[in-house]
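Trainee: Could you take me closely through one part of this model, with the cut-offs behind each term spelled out?

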Amino acid sequence: MKTIIASTPGAVALTLAGLACCSPACAQDAPDGDSSLILGRVEISASKGGVLPTRSVLSSVDILGEGLLRDQQVKSAWELFARAPGVMVTPFRQGNESGKLSFRGFNGEGEVNAVKLLVDGIPSNDNAGGMPLIGAILPLELQRIEVVRGTNDPRYGLHNIAGNVNLITRAGGNDGEARLSYGSFDTSQLQLVKGVEEGNWSQNYVFGYQGSGGYRDHARGSNLVVAGKWFYTTDDGRLRVGLSARRAEATSQEPGYLTAADARSDPTASYPYAQSDGGNRQLTQLGLHLDAELHSQLSLSTRVYLNRIQDQRWLRFTTTDPQQERVYVETHAGFLGTLTYRPRLALLDGFKSVVIEGGVGAEHQRDRSPRYSTIDEVRVKATRDHHFTFDTLGGYVQAVIKPVDALKIVPGFRIDKIDGDFNDPSKGVAYPIRDYGVIRQPKFSIAYAAAPGASVYANWGRSFQVGSGAAAFQSTPTVLRPSINDGWESGVKLTPAAWLDGRVALWRQRASGEVKRRLNDPSGDVDNVGETRRQGVDVQLNLRPARGANAWLAWSLQDATIVKPDPAAPSTIGKTIDHVPRHVYSAGADWQATPALKLSAWGNGQSGYYLTSANTGGQFGGYVLLNASASYRLGASMALELQLKNLANRYYEYVWINDRTRHSPGDGRAAYVALNTTF
């Protein structure tokens, strides 16, 4: 059975894999001790079995529904996270390397990629924790996005430093939808999705193409996406097996970086030395899925997957630097398996309910990362030729214990083990993996429904960071243990009235020995940042002042500090980690003005950040961007949409520094018209 929650932002669902409720009053009546919030329209499959839903994680969990996602005009799916509370987006705007998302005081530089990415439950990060596979996702195919911030989710290990995001795509149905848009910068986009469900079989197909001339000179690019799902469900619904496949091919020019003066005076410019910069990217993902109810009390869920990332990029930072060619070829094969047990034992008669869940996962990577010095994309010499395997094996167990309706206790424990080997034939070297040992990660959470419409919760958990690429191996005799990230969160979720709900959370994370990649260093080595502390406050409010009208507001205050620096950089003690803004915020409102006309306005922004951990040279990168849209329904199956981005035409930029500050201006004011049809 499926339930549609046509909720306004923030309406609370009782479960995502259980009995559903779309009314705030219902949420008040059920003292579930839940800490999650839902934004937008969400489709839920009702079932009393299956794996524990994401909302069972007692942390800052946000579910972004299709209503916030499918109608967005974006160049890449990472831009959708600008509407997610507490999430920072970093807009590089350099071709296929267009941007990243991050949260909890971690920046989006790619030095420490702290967010685990999943697509339909399949791990989808690259070796370093980056997210190129997000470029194979179309907004129109999304059913929802699940965002988990914090350290207490035991389901994932590698890259789950600050939390995780799961992009859930459409499954089943007999509906079809197409979206054709055109707008500023010669941007055209076609998205087409179709579901076919008959008897025991369901099929879903996705096709998308985007081409754009880009806001800046020498920024033309295109992306082609095709995907499909084929699933079989038995008559009794106890077994579901299927195959998913996804492929994306992107080609893009890169405009490069400007000086501060040129970026302000001529933000669309691109220097002559960058005219051969650009890249090609091919992304492939295959998944085998099996979900089974083995018994009325026992559920099994498995994923077997293959990811392949092929990326070729040419870039030149200055006139004095030679052009580089960077190549990444990564093949990841993995398995995830989860058993969920809901016992009904006489010993537990005093408890309202108990759920025990355990899972194992393994991933084998075979990766290659050569680099070359080039002139106009012609290779001159090799600067490295890294070949390595990187294997992870992990498992977890957790229990959700409800002694009474109002109280929920969730203890958990996870372990991970890493192995692999490395060689560089061009240098004649080979190294084993660093001895990280067995990485133990205890977790604990508790929530209490103190009153109707009021829940308080707290959690503590441990996550970890290890080196990526060559930095994960014993290239030096230095003993490098995993960086242990201990964190806690405490919060309250309130629904004081049917028209208002929200959450306030305090959090802190402390890393024992954080390292960051040297992104522009051909050796692939890392720098030791030292012991770090990240902490902050998150505030979220969702209002429904009248029928057909709603508004939302999210603000995060965050601090990322080096508390015990690397001995080689003693002056960084007490300084803020680079590229971490102190404030991140978003807000918006929707109004169904008439049955046919919907008006929306929203915005997001952040304060400035330092470019180095020495905190010299001032702050950059602060912005506030406003957007608006209008959708008019022409009939039962067709709507015409107008979307305005950066409505005030505000200048904003991404900035980094080497010999001087390097600036990448963001898009100016833009307008897009779209025709959306269902069939």
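Mentor: What follows looks at a sheet, the nonpolar core that draws on some of its strands, and a loop residue beside them.

This is a predicted model, in which local features need pLDDT of at least 70 and side-chain atom pairs count only at pLDDT 80 or more, while totals for chains, interfaces and linings use all residues. Residues are numbered from 1 along each chain as its sequence is written, and side-chain values use heavy atoms, with hydrogens and water left out.

The sheet is open and has 6 strands in the order β2-β4-β9-β10-β7-β8, with mixed pairing; strands are DSSP runs of E with at least two residues, numbered from the N terminus, and two of them pair if DSSP finds at least two bridges between them. At the edges stand β2 (36-39) and β8 (122-123), each with a single partner strand, so one side of each is left without a neighbour in the sheet. For β2, the partner β4 (residues 60-65) runs parallel and is joined to β2 by 4 bridges, and D62 in β4 is the bridge partner of L37.

The largest nonpolar core, meaning a set of buried Ala, Val, Leu, Ile, Met, Phe, Trp, Tyr and Cys residues joined through side-chain atoms within 4.5 Å, has 32 residues, of which F81, L101, V165 and L167 touch the most other members. At least two residues of this core come from each of β5 (87-90), β6 (100-103), β7 (115-119), β9 (142-149), β10 (163-169) and β33 (623-633). Apart from this core lies another, of 13 residues, including I418, Y436, I439 and A470. In soluble globular proteins, nonpolar side chains tend to be buried together.

Leaving aside neighbours within four places in sequence, L167 is in contact (heavy atoms within 4.5 Å) with residues including F81, L117, L118, V119 and I145.

L117 also leads to N125, a residue in the loop between β8 and β9. N125 counts as buried because its relative accessibility is 5%, where buried means under 20% relative accessible area with a 1.4 Å probe and protein chains only. A polar atom of the N125 side chain lies 2.8 Å from the backbone nitrogen of L117, and the side chain of N125 also reaches the backbone oxygen of V115 at 3.1 Å. Not counting residues up to four places away in sequence, N125 touches V115, K116, L117, G130, M131, H159 and H332.

Terms used: Buried < 20%, exposed > 50% of the residue type's maximum accessible area, 1.4 Å probe, protein only. Polar contact = N/O pair within 3.5 Å; in protein donor to acceptor, adjacent residues only side chain to side chain.
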